[in-house]
Amino acid sequence: MQPTSSMNEEFLKKWQMGLQIVRPSIDNTSVSERKKAIKLSADIAMASLRKGTTCWSRALIQKTATEDNFLVRQMLSGIKEEALINKRLPKKVVCHRKIVRRSKKILRRKTKSACEEAAAKAKKLVKRRTQGLRNVVPGGDLMSNDVLLLQETLDYIMSLQTQVNVMRSIVDAAEAGTEQ
């Protein structure tokens with residue numbers, strides 16, 4: 001699924017607002033500080049597109065609020081920013097350790113056939129890849145449900161695609177302006 005042009009436009013408006021807010025503070029700074037400010041405003045703009053309806057957007061808002069609370073509040077004005085910044089993220093659900101130990105003991109007792117070994121390897125691979133997703137998606141480590149993690153990942157990817165589309169169009173427009 002591709003992001004719509006209205007998503008691109010809304011992201012661009014929010015991102016421009018963020019850049020206008022941070023511009024006075026980064027005019028006389030290093031390249032790395034400018035890069036950080038640009039990324040921060042892009043992250044907040046991307047999260048504000050979802051208005052805190054997804055776990056990743058709330059996690060990103062809370063993370064960026066610790067870095068630049070003023071910027072977050074300005075960019076989220078009108079979206080109940082106070083509730084989003086202070087909203088607690090769900091705590092990670094961990095299964096009971098006794099159950100895990102007991103199930104491991106049972107698995108050790110049984111001899112595995114080739115199919116069971118293949119299934120165990122596939123399960124291990126899926127678990128490793130799922131953990132990789134949890135590390136990449138903001139707030140992913142707090143999502144205990146794999147289906148929710150996949151939905152959030154798809155939504156996050158679409159938002160990142162929106163960000164890339166807008167930035168690519170800006171670069172293309174700048175290159176077209178220098179050619180003339």
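How much area does the protein expose, and what share of it do carbon and sulfur atoms supply? Put a surface on the whole thing: about 12,600 Å² is exposed, and carbon and sulfur atoms supply 57% of that. Keep in mind as you click around that this is a predicted model.

**Stop 1: the whole chain**

Switch to cartoon. You'll see eight helices and zero strands, so to speak a straight run of α-α-α-α-α-α-α-α along the sequence. Colour by burial next: of the 180 residues, 32% count as buried. If you like contact maps, take the contacts between residues at least 6 apart in sequence; 65% of them join residues at least 24 apart.

**Stop 2: isoleucine 26**

Select isoleucine 26, which is found in helix 1; that helix covers 5–26. Is isoleucine 26 buried or exposed? With 15% relative accessibility, isoleucine 26 counts as buried, because the cut-off for buried is under 20%. Show its neighbours, leaving out residues up to four places away in sequence, and you get Glu33, Arg34 and Ala37. Now add lysine 36 and draw a C-alpha to C-alpha distance from isoleucine 26: the two are ten residues apart in sequence and 9.8 Å apart in space.

**Stop 3: helix 2**

Select 31–49, which is helix 2. Try the length check: at 1.5 Å a residue, its 19 residues should span 27 Å, and the end C-alpha atoms are indeed 27 Å apart, so the two agree.

Next, highlight the buried residues of this helix. They are Ala37, Leu40, Ser41, Ala42, Asp43, Ile44, Ala45, Met46, Ala47, Ser48 and Leu49. What covers them? The cover includes helix 1, helix 3, helix 4 (69–75) and helix 8 (146–179), so bring those up in separate colours.

**Stop 4: helix 2 against helix 3**

Hide everything except helix 2 and helix 3 (55–67). Two packed helices are described by the angle between their axes and the distance between the axes. For this pair the angle is about 145° and the axes are 9 Å apart. Rotate until one helix sits in front of the other, and you have a left-handed crossing.

Now show side chains. From helix 2, pick Lys36, Leu40, Asp43, Ile44, Met46 and Ala47; they meet Trp56, Ser57, Leu60, Ile61, Thr64 and Glu67 in helix 3. Coloured by class, this contact has seven nonpolar, two polar and three charged residues.

**Stop 5: aspartate 43**

Zoom in on aspartate 43, still in helix 2. Which residues does aspartate 43 touch, not counting those up to four places away in sequence? Leu60, Thr64 and Gln163. Aspartate 43 is a charged residue that counts as buried, with a relative accessible area of 9%. Draw a line from its C-alpha atom to that of threonine 64: they are 21 residues apart along the chain, yet separated by 8.0 Å.

**Stop 6: the loop after helix 2**

Finish with arginine 50, in the loop between helix 2 and helix 3. At a relative accessible area of 16%, arginine 50 is buried, because that value falls under 20%. Its contacts, again without residues up to four places away in sequence, are Met7, Trp56, Ser57, Asp155, Met158 and Ser159. Trp56 and Ser57 should look familiar from the contact between helix 2 and helix 3. Before you close the session, click lysine 51 and check its backbone: this residue follows helix 2 and has a positive phi, near 50°.

Conventions: Residues are numbered from 1 along each chain as its sequence is written. This is a predicted model: local features need pLDDT of at least 70, side-chain atom pairs count only at pLDDT 80 or more; totals for chains, interfaces and linings use all residues. Side-chain values use heavy atoms; hydrogens and water are left out. Helices (H or I, at least four residues) and strands (E, at least two) are DSSP runs, numbered from the N terminus. Buried means under 20% relative accessible area, exposed over 50%, partly exposed in between (1.4 Å probe, protein chains only). Contact means heavy atoms within 4.5 Å. The expected span of a helix is 1.5 Å times one less than its number of residues. Axes are lines fitted to C-alpha atoms, for helices over the stretch in contact, and angles run from 0 to 180 degrees between N-to-C directions. A crossing is left-handed if the near helix is turned anticlockwise from the far one by less than a right angle, and right-handed if clockwise. Accessible areas come from the Shrake-Rupley method with a 1.4 Å probe; for residues, only the protein chains shown count as cover.
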